[in-house]
Amino acid sequence: MSMSQEEIEALMSGLDIQEDESPAPEVQEPEPEPAPVIEDDNTSMSEDDIAELIAQTDVPSEETQEDSVEALTEDTVSSENIDDLINSIEDSSSDTQDDESENIDDILASIDGMDESIPEAPVAPSAVETPEVNAEPAVESIPSEPEKEAIAKDWTDGQIDQGVFPFPVEKNTKVVNQLSEVATDSEEKASKIFDVLSFILDENNEIQKNSKKMDEFLIKQIVLLDSLSKKFPNISSFKTNLELAQSLQTVPQDIIDRTNAENSQLFEAMELMQFHDINRQKIERVMSVIKKLSTYLNNLFEDETDYHDVATAKHIHGDVNSNLVDEQDLDALIAEFGN
Amino acid sequence: MKILIVDDSSTMRRIIGNVVMQLGFSRDDFDEAEDGVKAWKILGESQYDIILTDWNMPNMNGLELVQKVRSGGNHQKVPIIMITTEGGKGEVITALKAGVNNYIVKPFSAEILKEKLDGVLKK
C-alpha cells in the first residue's frame with residue numbers, strides 16, 4: 001500500500017502511528033551486481049571495426065561489373081557447349097555405372113548403419129539453387145564441413161524458433177545476467193544524460209551572466225547617447241544609435257527569461273530521471289524473484305538419493321510412434337534376416 | 001551548513017544535489033556516499049547538519065544507517081530525511097520508529113524536498 005505525501009505528513013504529526021501496526025517489512029537489499037560480463041565470443045564490434053570490414057570487402061563497382069560480365073560470358077560459353085557436357089556426363093556415368101553398382105552394397109550398408117532417429121536436415125539455401133552443369137560425378141556434391149555446420153545451425157535455429165529446443169545456456173541468454181547488464185548500462189547512460197543536462201545548465205548560467213553584463217552596458221550607452229543627442233541635436237548618428245540601443249535594451253532580458261524557462265525544463269527533465277532509479281529497482285526486484293525461483297526449483301528437483309542415470313527405453317508399447325513394430329512387422333523382419 | 005546525500009544510484013545523488021543547489025547551497029556544501037558503510041565512514045570524518053538517505057542500498061541499507069546514527073556518536077541528533085521508493089505505510093512507520101525526521105517517496109518534486117528540508121532545518 002503506497003502512501004501519499006499527505007498521509008506521510010499525517011504520520012509525521014504522530015496521528016497515525018500505532019505500536020501494533022503492520023510488522024516491520026523485510027528490508028530488501030539489492031543483490032550486489034555482478035561484474036560486467038566479458039564475452040569472448042560474440043564480442044560486439046565498434047563502428048571503426050565495421051568500417052574496416054566494409055572497406056576490406058568493398059569492391060569498386062566497375063570491377064564488380066566487369067566480373068559479372070565475365071561470369072556471364074563464361075556462363076554463355078558453358079551453355080553453348082551444353083550438349084558436349086551432357087554427352088561427357090552420360091559417358092562418364094555409363095563408365096562409372098559398373099563401379100557404382102559394385103559399390104552399391106557398401107553405400108546401402110553405410111545407410112543401414114545410420115541412426116534412423118537423426119532428423120532430416122533442411123536443405124540449405126545454397127543447395128536449393130540450380131545445380132551447375134558439371135562433368136564431375138554426383139558423389140562430389142557432398143557438402144563440405146562448413147556447409148554441414150551451416151545446415152546444422154539452420155536446423156537448430158529452426159527448432160529453437162519453434163520452441164522445440166530451448167535457447168542454449170550462454171551469457172547472452174542468462175536472464176539474470178541480462179537484467180543485471182540492463183540495470184548497469186542504463187545507470188551509466190543515465191549518468192551521461194545527466195552530464196549533458198548539467199552542461200546545458202552551466203552554459204545557460206554563463207549566458208545569463210553575459211546577458212546581465214550586456215544589459216548594464218546598454219543602459220550606460222543609452223544614458224550616454226541620450227545626453228550626447230541632447231547636447232548635439234544636429235548630429236544624427238547620436239540619435240540613431242540611441243534609438244538602436246533603446247530597441248536592443250529588451251534583448252538581454254529576453255535572453256535571461258528564455259534561459260530561465262529552459263533551465264526550468266532542464267530541472268524537470270532531471271526530476272523525471274528519478275524514474276530510471278525506480279525502474280532499476282523494479283528490475284532488481286524481478287532479478288530477486290528469478291533467483292529465488294531458481295533456488296526453489298533446485299531444491300524441488302534436488303535428488304538426495306543415490307540415484308544413477310539408468311538406460312531408458314526408446315520405444316515402449318503405447319507410444320505414438322511410426323517406428324514401433326507390430327507382430328507382423330516383427331515376424332517379417334525375423335524372417336528376412338533368417339537368423 | 002553541510003549535507004550528506006546517501007544513495008546507491010549516482011543519478012539520484014545528482015538529482016538530490018541539484019535540488020539542494022537550487023535551494024542556494026553550493027557544491028561544496030554537500031558530500032555523497034553510495035551506501036551506509038561509506039556514509040558511516042564519512043560521518044566519522046566530518047560533521048554534517050543534515051543527512052538525506054535512501055533505504056535500499058547494498059552493504060548497509062538506509063534503515064541500518066539511521067539506527068546506527070541514532071545509537072550514538074556526533075550525529076545522534078542530526079536531522080535525517082529518508083528518500084526512497086518504499087511507499088508502504090509499514091515502511092514509513094518503521095523508518096519513523098528508527099529515528100528519521102521526515103520521509104519522501106520517490107519520485108518527488110524539487111518543491112517537496114525544499115519543503116521537507118525547510119521543515120527539518122527550522123526545528
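**Exercise 1. Which residue in S4(B) does B:Ile51 stand opposite?**

Let's work through this predicted model one piece at a time.

*Step 1.* Begin with the two strands. Strand S3 (residues 50-53) and strand S4 (residues 80-84) of chain B pair in the parallel sense, over three bridges.

*Step 2.* Now look across from S3(B): the residue in S4(B) opposite B:Ile51 is B:Ile80.

*Step 3.* Place the pair in its sheet. The sheet is open, has five strands in the order S2-S1-S3-S4-S5 (chain B), and pairs in parallel. Strand S2 (30-33) and strand S5 (102-105) of chain B are the edges, each pairing on one side only. From one strand to the next, the twist averages 15°.

*Step 4.* Add the helix. H1(B) packs on this sheet and touches strand S1 (3-6), S2, S3 and S4 of chain B, while its direction makes about 155° with that of S1(B).

**Exercise 2. Work out how S1(B) is paired and which way its side chains point.**

*Step 1.* S1(B) and S2(B) run parallel and are joined by four bridges. In one of the details of this pairing, B:Leu4 has B:Asp31 of S2(B) as its bridge partner.

*Step 2.* Sort the residues by direction: B:Ile3 and B:Ile5 point one way from S1(B), and B:Leu4 and B:Val6 point the other way. Buried is the label for all four of these residues.

*Step 3.* Follow them into the largest nonpolar core, which holds 40 residues. B:Ile3, B:Leu4, B:Val6, B:Ile16, B:Ile51, B:Leu52 and B:Met82 are the ones that touch the most other members. H1(B) supplies the largest share of this core, five residues.

*Step 4.* Take B:Ile16 as an example. Leaving aside neighbours within four places in sequence, B:Ile16 is in contact with B:Ile5, B:Asp7, B:Leu52 and B:Ile83.

**Exercise 3. Is B:Ala95 buried or exposed?**

*Step 1.* Find the residue: B:Ala95 lies in helix H4 (residues 89-98) of chain B.

*Step 2.* Count and compare. The cut-off for buried is 20 or more other C-beta atoms within 10 Å. B:Ala95 has 25 C-beta neighbours inside 10 Å, so B:Ala95 counts as buried.

*Step 3.* List the contacts. Not counting residues up to four places away in sequence, B:Ala95 touches B:Leu63, B:Met82, B:Val100 and B:Tyr103.

*Step 4.* Compare sequence with space: B:Ala95 and B:Gln67 are 28 residues apart in sequence, and their C-alpha atoms are 9.2 Å apart.

**Exercise 4. Find two backbone features in the loops of chain B.**

*Step 1.* Recall the background: most residues other than glycine have a negative phi, and most peptide bonds are trans.

*Step 2.* Check phi. B:Asn59 is not a glycine, yet has a positive phi of about 65°. B:Asn59 sits in the loop between S3 and helix H3 (62-71) of chain B. With 15 other C-beta atoms within 10 Å, B:Asn59 is partly exposed.

*Step 3.* Check omega. The peptide bond joining B:Lys106 and B:Pro107 is cis, with omega about -5°. B:Pro107 belongs to the loop between S5 and helix H5 (110-122) of chain B.

**Exercise 5. Describe helix H7 of chain A and what covers its buried residues.**

*Step 1.* Get the span. H7(A) covers residues 175-231, which is 57 residues, and reaches 83 Å from first C-alpha to last, close to the 84 Å expected at 1.5 Å a residue.

*Step 2.* Pick out the buried positions in H7(A): A:Ser180, A:Ala183, A:Ala190, A:Phe194 and A:Leu225.

*Step 3.* Ask what covers them. The cover includes helix H8 (236-248), helix H9 (250-272) and helix H10 (274-301) of chain A, together with helix H1 (10-22) of chain B.

**Exercise 6. Set the two chains side by side.**

*Step 1.* Elements: chain A has 11 helices and zero strands, while chain B has five helices and five strands. Along its sequence, chain B follows β-α-β-α-β-α-β-α-β-α.

*Step 2.* Burial: 5% of the 339 residues of chain A count as buried, and 48% of the 123 residues in chain B do.

*Step 3.* Contacts: with a separation of 6 or more, residues 24 or more positions apart account for 76% in chain A. The corresponding share in chain B is 59%.

*Step 4.* Confidence: chain B has a mean pLDDT of 91, and 100% of its residues reach 70 or more. The model scores ipTM 0.80 and pTM 0.57.

Technical notes
Residues numbered from 1 in each chain as written. Chains lettered and ligands numbered in written order. Predicted model: local features only at pLDDT ≥ 70, side-chain atom pairs only at ≥ 80, totals over all residues. Expected span 1.5 Å × (residues − 1). Buried ≥ 20, exposed ≤ 12 C-beta atoms within 10 Å, placed from the backbone. Contact = placed C-beta atoms within 7 Å. Core = buried A, V, L, I, M, F, W, Y, C linked by C-beta atoms within 7 Å. pLDDT = per-residue confidence, 0-100. Pairing = 2+ DSSP bridges. Axes fitted to C-alpha atoms, helices over the stretch in contact; angles between N-to-C directions.
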